[in-house]
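Opened the model today and wanted a quick look at how the strands line up and what packs behind them. Notes below, in the order I looked things up.

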Amino acid sequence: MKVREIMTPDPVTIQVGDTVRHAASLLRRHDISGLPVLDGNELVGMVTEADILSLLKTGGVSEDLWLPSPFEFIEVPIREMINMEKTKAALSDVGKTPVRQVMSMPAIAIAPEDDIEKAAAVMLKEGISRLPVVEKKRLVGIVARRDIVQGLGASYEIKEE
């Protein structure tokens, strides 16, 4: 079975200069977990939920405050409150970040005429969940792990009949 038979044609994409807020909005609206990133019409990378979540690192318990030991029972909650404020600040800044700063690149892609076994092997080797499908340097689709499993299942059912 070929990638062309199981891919999603014309996938939702984002431009390299768009914001992380816009990317997150597209992911949510289309109930997907990754987007091909284009520079004009050229595929340059991928942005995923994991890429966006990596921006939210705020560290462990805040070390900004120290109270004498009789007050230690309230120190940790106060530190956590400070950490929450850092998280809120991080969230507001993250949305303005350009996609180019968080995307994975270069994009690992596959051709529509490749076998789905090759697509599965690439995903396993690279530790990724989806592959853009490129033909003549143009994005024509995307294939996800789920597409491969469904394709394999469909081909098995056909063989049984």
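I started with strand pairing: Gln-15 stands opposite Leu-38 in E3. This is a predicted model, so I keep that in mind throughout. Gln-15 belongs to strand E2 (residues 14-15), which pairs with E3 in the parallel sense over two bridges.

Next I checked the other partner of E3. E3 and E4 run antiparallel, joined by six bridges. Within that pair I found Leu-35 opposite Val-47 in E4. The hairpin of E3 and E4 has two residues between the strands, and Gly-40 there takes a positive phi near 70°.

Is E3 mostly covered or mostly open? I got mostly covered, with five of its six residues buried.

Then I went to the largest nonpolar core, which has 14 residues. Ile-14, Ala-23, Leu-35, Val-37, Val-47, Val-99 and Met-103 touch the most other members. Which elements each supply at least two residues of this core? I noted helix H2 (20-30), strand E3 (34-39) and strand E4 (42-48). H2 gives the most, with four residues.

I picked Val-47 for a closer look and skipped its neighbours within four places in sequence. Val-47 is in contact with Ile-14, Ala-23, Ser-33, Gly-34, Leu-35, Val-37, Ile-52, Val-99, Val-102 and Met-103. So the residue opposite Leu-35 in the strand pair also has Leu-35 on its contact list.

Last entry: I found another core lying apart from that one, with twelve residues, among them Ile-116, Val-133, Val-143 and Ile-148.

Definitions and conventions
Residues numbered from 1 in each chain as written. Predicted model: local features only at pLDDT ≥ 70, side-chain atom pairs only at ≥ 80, totals over all residues. Heavy atoms only, no water. Core = buried A, V, L, I, M, F, W, Y, C linked by side-chain atoms within 4.5 Å. Buried < 20%, exposed > 50% of the residue type's maximum accessible area, 1.4 Å probe, protein only. Contact = heavy atoms within 4.5 Å. Pairing = 2+ DSSP bridges.
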